[in-house]
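I opened my notebook to look up how charged side chains pair up here, and to follow one helix afterwards. The model comes first, and my entries follow.

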Amino acid sequence: MFQSTKIRTILVIILFLSLIVLTRGLFIDVTRDSGKYASIAKEIYIHGNWINLTIHGEPYLQKPPLMFWLSALSYYLFGISNCSFKLPILLFSLAGLYFTYRLGKNLYNKYIGILSAIMLLFSEFFLLYNMDIHTDSMLLPLVTFSLWQLSEYIQQNKTKYLIGASVGIGLAMLTKGPVGAVIPAFATGTHLLMKKNYKQFFDPRWLIVFCIVFIIITPTLLSLYRQFGINGIKFYFWTNNIGRVTGQYMGTNTDYLYFFHTLLYMLLPWSLFFYYAAFNEFRRLFNKKFRASEYFTLGGIWIFFIILSISRSKLPNYIYAITPLMTITTAKWMYFAIKKRQSKMFCFLKISQTITEIIIWSLILVISVYLFPADKVFTWIITGVFFFFYILFKLKIKMKESPLLNSILVMLALAFFLNFHVFPEIYSQQAVPRAARLFNQISQSDDKLYNYQYSQYELFFYGRGEVGQINNQAELEQTMKCGNAWIFTNEEGLSEIKNDPSRFPSDSIISFRHVLLNKGFRYINPKTREESKENMYLLQCK
C-alpha cells in the first residue's frame, strides 16, 4: 500500500492543494461563536489580562482560556485579523493529523496510521472547523495527542509517555474543561478493563497525571474563583458538562439519533464506510467473544457517542474530538478491504465511495448552478480541472488505492468550492463586519463604536479599539449625549431610538442587510433567502 511512485506523487500534490484550500479559510470572516472567541482574545490583547477573561467588559466563564491565549499571542505577532485569530488553531489541527497518524500506527500499523490522518484531513469536519472556529478545533489535536501518549505508555510502560499524556490532558482541559480528560479516560479505561490489566489501575504513577493536570488548569480555576466564587468552580466541573447532558444548563434536544445522521454529512466522504466499519467491528467483537488487539477506539468512540446522544444539548462540533478515533476504525477496515482486493468488503468500499462521490458532485452542481451560482471563471476552471482528473482516475488509473484517491479528489473539489466560493459569499453578507469596517474607515480617531440590541459579538472583534456595549435605555441615553459615538443596532433598536425625536442621532442612517445563518433552509433556498435576512443599522450621534 502506497508503495508506487505514482501514488506517492499524486498524494503529495493533493496534500499541497489541501493546504492551499485550508489556508483560504483563514481569511473568511467569523460569526456567532467564532466571533465571540475572537473578541475574547482581542480583550486579552487590549487589556493584557490573561487570567480573568471578559467579553465586552463582562466576566466570561463558559470556556477555559488556552485558545484565547494563542489567538491573543497571534494578535501581538501579526495584528488583529481573521487570519491571526485562526492561524494558531490551524497549526494545532495540522499537528493533530500527525498525532492521528502516530496513534493509528501504534494501535495497528503505519499504513492504517497514514490512512487515518488522510481521512481526517479530507473530511467535512476538518474543513469546516478550521474555517468556523470552535474550542473543539483545539480539543481534537490535544485529545489525540493524549491518546497516542497513553497507548505508548500502556505498551512500553515508560513514564515519559505518561508525562506526555498528562500535559496533553491538562491542555485539553484548559481548552474545553473536563471533556478533555473524559475521552482519554473512556478509551484507556475500556482498554485496560477489556484486557484485564487490572494492576495498571493501581500504578502509583497515575498520580503524576493528577498533579500535572492540576498545575496546568490552575489559571482557569483561579480565574473562575476570583470572578464567580465557588460557583465558578462548580460550573467548570459540573454545570457546563452534566448540566448539558441533563438539560438543566442548556439544551432541549431529544433526538437520540442526532449524531448518527449528523455524521452522515459531517464525516463525508467516509461516513457510509465508517458505519460499515463500525458494524464489522462489533460483529468481530461478538464472534471473538470480545477479544481484540485494542479497545481504545471502542471506549473512546462509543461511550462518548452514547453520552452525547442522550444529552439534551447537541451540536455537531461536540463529537468532533473523537473524529480521529473514527477515522482509525474506518482506516483499519479500509486497509483490510484494499489488501483483499477481490473481497466483498472491497466491493462495498468501491460502491459506497462511488455513491458518496456522486452525491458530492451532484451537491457541487446544485450549489454552483442554483443555490449559490458561481460567477467567477476561476471557480469554474478549477472545479472543472478537479472533475477532469476525477474522471481520469476513474477510467485510467487501476490501482488498488483508487477508491481512496477518488474520494480524496472529490472531497478536495468540494473543499475548494466551499472555501473559495460558498463560504466567502455567505459570510460577506454579514452586516457586522461591513458596518465595523465602514466605521473604522470613515470615523475620526477619537470616535467610539457601541453595540445596542445585537446579541452576538463580532462587532467587538471587527470594530476599531474597544467597542462599547449598551445594555439598557439609561446607558443608551448617556451614550447619545456623546458627540463622538456611533451605534450599531437592529430594527428594534432603531425604532426605540426614533420613537423619541430628542434621542434621534442624525438623519444619516447607514443600513445593511444581515444574513441570519441560523435560519437554515430559508437562507439556503434562493426563493426565501431575502426573507431570512434582517435590517441592521449604523448611526452616528451628533
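**Salt bridges and one helix**

I looked up the charged side chains and found that Arg513, Glu530 and Lys533 are linked in a network of salt bridges, a salt bridge being a side-chain nitrogen of Lys or Arg within 4 Å of a carboxyl oxygen of Asp or Glu. I note that this is a predicted model, in which local features need pLDDT of at least 70 and side-chain atom pairs count only at pLDDT 80 or more, while totals for chains, interfaces and linings use all residues. Residues are numbered from 1 along each chain as its sequence is written, and side-chain values use heavy atoms, with hydrogens and water left out.

Within the network, I found the closest N and O atoms of Glu530 and Arg513 to be 3.3 Å apart. Glu530 lies in the loop between helix H24 (521–524) and strand S7 (533–540) and Arg513 in strand S6 (residues 509–515), so this pair ties together parts 17 residues apart in sequence; helices (H or I, at least four residues) and strands (E, at least two) are DSSP runs, numbered from the N terminus.

I then turned to Asp29 and Arg437, whose side chains meet in a salt bridge at 2.7 Å, N to O. They sit 408 residues apart, Arg437 being in helix H20 (residues 431–442). Asp29 is buried at 11% relative accessible area, whereas Arg437 is partly exposed at 38% (buried means under 20%, exposed over 50%, partly exposed in between, with a 1.4 Å probe and protein chains only).

Last, I checked helix H16 (residues 323–339), which has 17 residues; 15 of them are buried, so H16 is largely enclosed by the rest of the structure.

Technical notes:
The expected span of a helix is 1.5 Å times one less than its number of residues.
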